[in-house]
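Could you walk me through this fold, starting from one residue and working outwards? Let's take it step by step, with the structure open beside the text.

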Amino acid sequence: APQIKFDVGPDGKAADIRSTPFIVSNHLSDVDPLVLFAYLGFPRFVAKVDILKVPVIGKLAIDIGTLLVERESKESREATVAGIKQHAADWKQGMQPLAIFPEGTRSNEQDLIPFKRGAFVAGAPVRPVLLVYTGRWSPEHPKYMEDGSGKVVKYSDGKWGLQFMSHYRHSVAVTVMPPYTPSEEEKRDPDLYAANVHRVMQQRYKELRAAGPRGHSHGWRYGLVVLAVAVLMVVLRK
């Protein structure tokens, strides 16, 4: 079975993954949601409405109660924030958490992008999670890359899919940090809350990157399952 690394809290214990209403994770790759869903207790997600266009994945998103947001629509963004607050109000210990990527987009492997406030507007505790891909090739999906001549060119979904398919083993270290409970000041100020969680996650992320590969390297079965879904997403999405 996969071994996920749990950091212990001040009491020397690692809290259960369903001990907070929210999971907040860095976002590097299109396969991140699959990793979190498979190995962190099947959380719900906040995702762009475009995910409904992807066969199988779109149906799964509906079945697990994904909060869908259309970024260009103010009404949709407001409805998503309301849904996040409602999730916090309805949630009880041991219930399914809601997973959010507070960076709002995929980042690179060097630093975490400053967090958006959406995951923190409810003023509820969050569970920080950090993903570090440790294989020879990372499924991180940048928008641009340097070619052999040093020229910056667009990095397409097709190129990413080709690279993904040419590597049969994709190793990932998943580090689950202790729950972060906001102070009264952070509850009143979502921007402050977001910045402080970003700070502790960034510090831990740098430690993990400096220490090298850590956590569990999922073998060929993980690679094949994620490969099948990733190919489907790349081929069929716009």
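Where is the place of Thr20? Thr20 sits in the loop between strand E1 (5-6) and E2. Keep in mind throughout that this is a predicted model. Thr20 has a relative accessible area of 1%, and therefore counts as buried, the limit being under 20%. Its side chain makes polar contacts with backbone atoms: the side chain of Thr20 reaches the backbone oxygen of Phe22 at 2.9 Å, and the backbone nitrogen of Arg127 at 3.5 Å. If you set aside neighbours within four places in sequence, Thr20 is in contact with Trp91, Pro97, Pro125, Val126, Arg127 and Pro179.

From Thr20 it is a short walk along the chain to strand E2, which covers residues 22-25. Phe22 and Val24 point one way from E2, while Ile23 and Ser25 point the other way, and all of them are buried. E2 has partners in two strands. With strand E5 (residues 98-100), E2 pairs in the parallel sense over three bridges, and here Ile23 has Ala99 as its bridge partner. With strand E6 (residues 126-133), E2 also runs parallel, joined by four bridges; in this pairing Val24 is matched with Pro128.

Now step back to see the sheet as a whole. Seven strands form an open sheet with mixed pairing, in the order E1-E9-E6-E2-E5-E3-E4. E1 and E4 stand at the edges with a single partner strand each, so one side of each has no neighbour in the sheet. At one of these edges, E1 pairs with E9 in the parallel sense over two bridges, and Lys5 stands opposite Thr175 in E9. H1 packs on the sheet, where it touches E2, E3, E6 and E9, and its direction makes about 120° with that of E6.

Strand E3 (residues 44-48) brings us towards the other edge. E3 is mostly covered, with four of its five residues buried. Two bridges join E3 to E5, and the two strands run parallel; Phe45 has Ala99 in E5 as its bridge partner. E3 also pairs with strand E4 (residues 67-69) in the parallel sense, over three bridges, with Lys48 partnered by Val69. Helix H3 (residues 74-90) lies across E2, E3, E4 and E5, and runs at about 160° to E4.

Back to helix H1, which spans residues 32-39. Asp32, Leu34, Val35, Leu36 and Phe37 are buried in H1. Just after H1, Gly41 takes a positive phi of about 75°.

What about the aromatic rings? A pair of aromatic rings is described by the distance of the centres and the angle of the planes. The count here comes to five aromatic pairs. In one of them, the rings of Phe37 and Phe42 have centres 5.1 Å apart and planes at 70°, so this pair is edge-to-face. Phe37 counts as buried because its relative accessibility is 17%, whereas Phe42, at 46%, counts as partly exposed. Phe120 and Tyr193 form another edge-to-face pair, with 4.9 Å from centre to centre and 65° between the planes. Phe120 lies in the loop between E5 and E6 and Tyr193 in helix H6 (residues 190-211), so this pair ties together parts that are 73 residues apart in sequence. Phe120 is buried, with a relative accessible area of 0%, and Tyr193 is likewise buried at 0%. Phe115, Phe120, Tyr180 and Tyr193 form one aromatic cluster.

Which residues have the most contacts inside the largest nonpolar core? They are Ile84, Phe120, Val126, Val197 and Met201, in a core of 44 residues. E2, H1, E3, E4, E5, E6, strand E9 (172-176) and H6 each supply at least two residues of this core. Val197 is a good residue to click on: leaving out residues up to four places away in sequence, Val197 touches Val24, Phe115, Phe120, Val126 and Tyr180. In soluble globular proteins, nonpolar side chains tend to be buried together.

To close the loop, return to Val126: this residue is among the contacts of Thr20, and Val126 is also one of those with the most contacts in the largest nonpolar core.

Methods. Residues are numbered from 1 along each chain as its sequence is written. This is a predicted model: local features need pLDDT of at least 70, side-chain atom pairs count only at pLDDT 80 or more; totals for chains, interfaces and linings use all residues. Side-chain values use heavy atoms; hydrogens and water are left out. Buried means under 20% relative accessible area, exposed over 50%, partly exposed in between (1.4 Å probe, protein chains only). Two strands pair if DSSP finds at least two bridges between them. Rings of Phe, Tyr and Trp (its six-membered ring) pair if their centres lie within 6.5 Å; planes under 30 degrees apart count as stacked, over 60 as edge-to-face and the rest as tilted. A nonpolar core is a set of buried Ala, Val, Leu, Ile, Met, Phe, Trp, Tyr and Cys residues joined through side-chain atoms within 4.5 Å. Contact means heavy atoms within 4.5 Å. A polar contact is a pair of N or O atoms within 3.5 Å; within protein, one must be able to donate a hydrogen and the other to accept it, and residues adjacent in sequence count only if both atoms are side-chain atoms. Axes are lines fitted to C-alpha atoms, for helices over the stretch in contact, and angles run from 0 to 180 degrees between N-to-C directions.
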